[in-house]
Each structure stands twice: as C-alpha cells, then as structure tokens.
Amino acid sequence: DDHAGIGLAVRHLVELGHTRIAHVGGPQHLSTGLDRYQGFVAWMKIMGLDVDPDLVSFADWYHEDPGAKAFWAILDRRADFTAVIAANDLIAIGCYDVLGDTGRSIGGDVSVVGYNDMPFADKLSPPLTTVQIPHYQVGVRAADLMLEILDDSDDSVPVSIKLTPTLAARRSTGPAPTETS
C-alpha cells in the first residue's frame with residue numbers, strides 16, 4: 001500500500017516539525033513511482049501542507065545516480081526545505097551523496113526518508129529512516145496466488161492485494177532546524 005507508506009513518511013516528518021518537504025519521485029510511467037507521488041500529494045494536503053512544485057523532481061530510474069540528478073534539480077531551484085522523501089532507498093542514497101557534496105548534515109540540516117528498507121539501510125551513515133514493505137508477506141501471498149492459479153486455472157481472475165507497510169525511524173530524520181536571527 002504505497003499510499004499508506006508515503007503517509008507514514010509525511011506524518012513522521014510533520015511530527016518532527018517539518019513543513020517544507022521535498023519529494024524525489026520515481027519514474028512516473030511505473031505504478032510505484034506514480035502511486036508514491038500521488039500519495040505524497042494527498043498526504044501533504046491531509047497534513048495541511050502545500051506541495052511546492054519546485055520541491056518535486058522525478059528520477060529516471062530507481063537508482064542512486066538518477067536520484068542524485070533529480071535531487072540536484074530541486075537544489076538548483078530551491079534551498080528552503082528541511083526534509084526530503086525519496087521514492088525508494090537507492091534514490092535516498094543519491095540524496096545522501098548530494099547532501100554530502102553540499103556540506104549539509106543528514107538528519108540535522110535535512111532529514112531524509114527512503115522507501116523499501118533494503119538490506120543494509122540501517123548500516124548507512126546515518127542509518128536511513130525508511131518505509132518498510134513486508135517483503136516476506138509479499139512472497140507468501142505471491143506463492144499462494146500461484147498455487148491457486150495452478151489448482152483452478154479455468155477461473156483465474158486478476159487480484160489486487162495491498163499489504164500494510166511500517167516505518168523504520170532511524171537517524172536520517174530529526175527535528176526540523178529552527179531559524180536563527
């Protein structure tokens with residue numbers, strides 16, 4: 001349930017005091033990229049926040065380099081955000097690279113949230129806050145569906161199943177920085 005997963009990320013950041021949240025989305029021709037972006041827009045509205053189009057950019061693919069390129073596009077347009085939600089963990093690593101290149105601290109100056117909880121996300125420096133998808137349950141449901149199809153191939157119909165994600169809050173997110181005079 002990508003809509004609910006992005007909701008966990010937005011709510012987490014808002015609870016930390018963030019109001020200027022950027023989004024580095026995935027490819028919009030893929031359902032995950034589109035669903036996560038639409039979820040971002042919906043949850044920002046639910047939380048009473050506007051989506052600034054200057055704070056949204058889309059990676060060409062779910063990988064570090066396209067994520068960095070898309071994040072640079074946001075930085076080239078604006079710098080007044082305190083958090084970013086990436087469409088997946090590899091895109092988030094691209095955001096880590098850019099923040100490192102610009103001397104900004106992750107979790108201090110800018111909070112970063114990824115999506116998927118890939119292996120070793122907790123080993124990054126700092127460990128990545130990310131939406132965890134229930135990988136094991138996905139595999140079990142897929143196997144169950146395959147067995148059902150094999151047992152009753154004449155009556156198979158398309159099935160849509162949404163599994164509930166959770167949030168792994170780690171040190172890549174922190175309270176929104178306060179302005180100093």
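Strand β4 lines up with strand β5 (residues 129–132) in the parallel sense, and four bridges join the pair. Keep in mind as you look around that this is a predicted model. On top of that pairing, β4 also has strand β3 (residues 83–86) as a parallel partner, and β4 helps line the largest pocket too. So let's use β4 as our guide.

**β4 and its partners**
- With β5, look for Y115, whose bridge partner there is V131.
- With β3, the parallel pairing runs over three bridges.
- One spot to find in that pairing is I85, which has V113 in β4 as its bridge partner.

**How β3 gets linked to β4**
- Helix α4 (residues 89–101) joins β3 and β4 in a β-α-β unit, and that unit is right-handed.

**Covered or not?**
- How many of the six residues of β4 are buried? Six of six are, so the strand (residues 111–116) counts as mostly covered, where buried means under 20% relative accessible area.

**The largest pocket**
- Its volume comes out at about 470 Å³.
- The lining is made of 21 residues, and the closest to the pocket's centre are D1, D2, I161, K162 and L163.
- Which elements each supply at least two lining residues? They are α1 (2–15), α2 (31–46), β4 and α5 (135–151).
- Sorted by class, the lining of this pocket holds nine nonpolar residues, six polar ones and six charged ones.

Technical notes
Residues numbered from 1 in each chain as written. Predicted model: local features only at pLDDT ≥ 70, side-chain atom pairs only at ≥ 80, totals over all residues. Heavy atoms only, no water. Buried < 20%, exposed > 50% of the residue type's maximum accessible area, 1.4 Å probe, protein only. Pairing = 2+ DSSP bridges. Right-handed = clockwise from strand over helix to strand, strands pointing away. 1 Å grid on protein atoms, 1.4 Å probe; cavity = no way out; pocket = protein on both sides within 12 Å on 5 of 7 lines; lining within 4 Å. Points joined across faces, edges and corners; volume = space filled by probe spheres on them. Nonpolar A, V, L, I, M, F, W, Y, C, P; charged D, E, K, R; others polar.
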